[in-house]
Amino acid sequence: MGADHDQWSLSKLIRYLVFGFQIPKAPQPSHSVERSITGVLRNITAKREVILSAGSIGSPHILMNSGIGNATSLRSIGINPVLDLPDVGQNLVDHPLGGGIFSVSGNGSYDKFNQDPAVREQELEQWKTTGTGPLVNTIADHLIFMRIPQNDSIFDSTSDPAPGPDTPHFELLVVVRGSVTLNSSDPFASPLVDPALLSTEFDRVAMRTALKRTLEFFSTSPWSDYIVTPIGGLENAKTDDEMDSYLAGFSQTIFHPVGTARMTSKGAKGGVVDPDLRVKGVDGLRVIDASVLPFIPSAHTQAAVCNSNMILLEPHNYIIQTTLAEKIVKPSSLDVQFVDFDGVRFRLSTPERKTSLLLSMHIRCWDELVKYGAMDILKREYGSLVAAQPEEEYNVSLEIDLEQVPTDAASEARDAFVLSVALLKRNAVAAPFERAFTTRKELEASGESQGELMQVHYRDEEAIYVRASPDRVTVIFSTVFQEETDGIFGKVFLQEFVDARKLPALQNAPQVLYSNRDPPLEIRDVPGLRNTDDMSYVTFVLFPRHFTNAAIASNTISHIQLFRDYLHYHIKCSKAYMHSRMRRRVSEFQKVLNRAKTEVASTERKTVRYAIQILPLAVADRPH
C-alpha cells in the first residue's frame, strides 16, 4: 500500500539478497532485513504483509534464518528461535531424473553442437537473429507417460500412490521426503539440501521400470537403423541390482522440489502455512511458491506453481475483505478504486467520516440482474446497508457504519460480516441461478416443459444463459478465444472435466459439454449469436442433487460463477509457461549433453550419443 494513499502498490528492489525477517512480538507490520550485493544492510518495513516467494529451497532458508523453524535445531547453530515450527524445511519432495545414453548412427543429434564451440556459437547466433535452427527444439522431442504394471510385486507391500488408475508413475523424457536444513548461523551460507532420492523401494522400482521401458522402446524395429548400442555404463546394466547401481550414479534432481513449507489446515499441529498461505503463528507473513504444496503432483510442477494464484481465487473479493477487516480495527480515511477479472468496478471510500464506509459496485449486466431479482437478494443479505440511492456512476452501494461492527479480531461475527460484504458481486450475480432453482420446482409441480431463458451479458461478447426444466437447470457460458492457441488449450482443459467424471468419487459432478462455433440447441434461437471460429460454448447440466438445499445451492452458485475466470486464467498461465521456459530449456539441454560426454570421443565411427530422460511421476508417501 502506498504511504499517502490507500492504493494497492508493489515496490520492487533488485540486486538485493533477503536473508531474514524481524518478527515483532505483538501483531504489527513485519520487517524484512535485506543485504545488497555491495554489502550494505537495509531494513525494509511492510505496512501490510510480506509475501515470501523464494522457492522450495530459498523460502525455508529465509524462514530459518529469521528464527522460524525447529527451535532445537536453530539453537544448536546459534540462531535464536522466535517461532517453533518444526516442519519448516522438512517434507522436501522432488522428481528424480535418471536416463540412458545411446550411441547412434548418422548426424541427427546435438553432439557437434555440444563438442564444437564454433558450431555452438554459430547455432546460437542463428537462433538469436532468426529464431530458427536446432535451438528451436525443446529439451525433449518425445514424451511418453507410462505406469508400472499392475501385477508388479511392489504393490504387495506398497499401495498405488498415483491419484487414479490412468495416472502415470513415470515419464520418459518416486519420491520420498527429504529436507532443507542449516549448518551455520551465517545467513549467506548455503543451506544443506537432502532430497533423499531413490531411498524407498517404490522409487527404485519406478525408476528401474522406466529404464526397462526405455530399453524396450529403443529395441523396436523403427530404431534399428539409428540406435547402435547403449553406452556410459548402461550397456552393462542387465540385472535389477546392476540397473539400480547404474541409476544411483546417474540420478539427479529435475528442479521440481516442493513441500518444505507445506500447507495444512488451520487447526493442524504440523505444517508451516494455513490454507490462506499465512505462516502459522506470524502476523503479516505469507509464503506463495511451490514449497507450500503438501505433496508433489503426478505431473510437471509448473501446472500447480503457474496457477498458484488460483489457490486464492474465491467467490469473495479479496481487496474488499482485507481492506474492510483492517478499517474495522483501525478506521482511517479511504478512497480505493479497483476492477476485478470480469471488469466489475468497485469503490471503497469514506466520503463523510472515517468510520462511515461506502462500498459501491458497477457491473455492466446490472439491469439484467435486477430483472431476475438481484435487488431482492441484496436486501435479503444486507438489509438496511443497501443505500436508497447508489453513488454516482455505480449501480449499487452499501453504507457501512464501522462503529456498529464488532472490533474483536477473533470475533466470528466480525469475520462473517466482512465475508458477506466481500460477496457483494457474487450475491448480485446469483439472481438468475436462484430464480432457476425455484422455477425448476414450480415446473416439476405444474408439469410445464421449461422456464424462461435468462441471459446475463456480463462481459463484452460473452454471456451466461440459464434455463430451468422440470428435472434440471442448464447453464451455458459463451466465451471468446482471442487466439487459435487459446481454443486448443481451452479444449484440453475442458476435456479434464469430462475425464474427471469417470472417477467414482466425481460421478455425481455436473455434466459438462463443449462446442465450438455452433451454439447449443438450448440457445440456438437467440438473436445475435456469433458462429465464428473464435466463439465457443460450455454447457453445465445441474440436477436437483446439485442444489438440494440452501447450503449446496449456494456452493454450486459460487463455484459455477468462477468457471470463466478459471478457464481463461489457466490458458494464460499455460501460455506464459511455454513462452518463458523455452530459453531456459536450451540451457538445461546443454547441461544434459555436457554430462553425456564420454571420456574418449570417437570421431572415426561417425556416431553420436542420444540422451534419454526418465522422470518418475508417482507420489509415494502421500499424506492422508
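The following questions and answers cover helix packing and two sheets in a predicted model.

This is a predicted model, in which local features need pLDDT of at least 70, side-chain atom pairs count only at pLDDT 80 or more, and totals for chains, interfaces and linings use all residues. Residues are numbered from 1 along each chain as its sequence is written, and side-chain values use heavy atoms, with hydrogens and water left out.

Student: At what angle do helix α6 and helix α7 pack?
Tutor: Helices (H or I, at least four residues) and strands (E, at least two) are DSSP runs, numbered from the N terminus. Axes are lines fitted to C-alpha atoms, for helices over the stretch in contact, and angles run from 0 to 180 degrees between N-to-C directions. Helix α6 spans residues 201-218, helix α7 spans residues 240-250, and their axes lie 10 Å apart. The angle is about 100°.

Student: Is α6 roughly parallel or roughly perpendicular to α7?
Tutor: Under 35 degrees counts as roughly parallel, over 145 as roughly antiparallel, 65 to 115 as roughly perpendicular, and the rest as oblique. The packing angle is about 100°. That makes the pair roughly perpendicular.

Student: Which residues of α7 make the contact with α6?
Tutor: Contact means heavy atoms within 4.5 Å. From α6 come Arg204, Met207, Arg208, Leu211, Lys212 and Leu215. From α7 come Asp240, Met243, Asp244, Tyr246 and Leu247.

Student: How many charged residues does this contact of α6 with α7 have?
Tutor: Ala, Val, Leu, Ile, Met, Phe, Trp, Tyr, Cys and Pro count as nonpolar, Asp, Glu, Lys and Arg as charged, and the others, Gly among them, as polar. The contact has 6 nonpolar residues and no polar ones. The charged count is 5.

Student: Why are the buried residues of α7 on the same side?
Tutor: Buried means under 20% relative accessible area, exposed over 50%, partly exposed in between (1.4 Å probe, protein chains only). In α7, Met243, Asp244, Tyr246 and Leu247 are buried. The arc is that of the directions from the helix axis to the C-beta atoms. These residues share a side because their arc around the axis is only 165°.

Student: What do the buried residues of α7 pack against?
Tutor: The face turned away from the buried side carries exposed Asp241, Ser245, Ala248 and Gly249. The buried residues pack against β7 (96-105) and α6.

Student: Which strands are the edges of the 4-stranded open sheet?
Tutor: Two strands pair if DSSP finds at least two bridges between them. The order is β15-β16-β17-β18, with antiparallel pairing. Each edge strand pairs on one side only; these are β15 (335-339) and β18 (396-401).

Student: Which residue stands opposite Arg345?
Tutor: A hairpin of 6 residues joins β16 to β17. The two strands pair over 5 bridges in the antiparallel sense. Opposite Arg345, in β17, stands His362.

Student: How many residues of β17 are buried?
Tutor: Helix α9 (residues 318-329) lies across β15, β16 and β17 (356-362). β17 is mostly covered. Of its 7 residues, the buried number 6.

Student: In what order do the strands of the 5-stranded open sheet run?
Tutor: The pairing is antiparallel. The edges are β19 (454-459) and β22 (511-516). The order is β19-β20-β21-β23-β22.

Student: What is the bridge partner of Ser469?
Tutor: Strand β20 (residues 462-469) and strand β21 (residues 472-480) run antiparallel and are joined by 6 bridges. In β21, the partner is Arg472.
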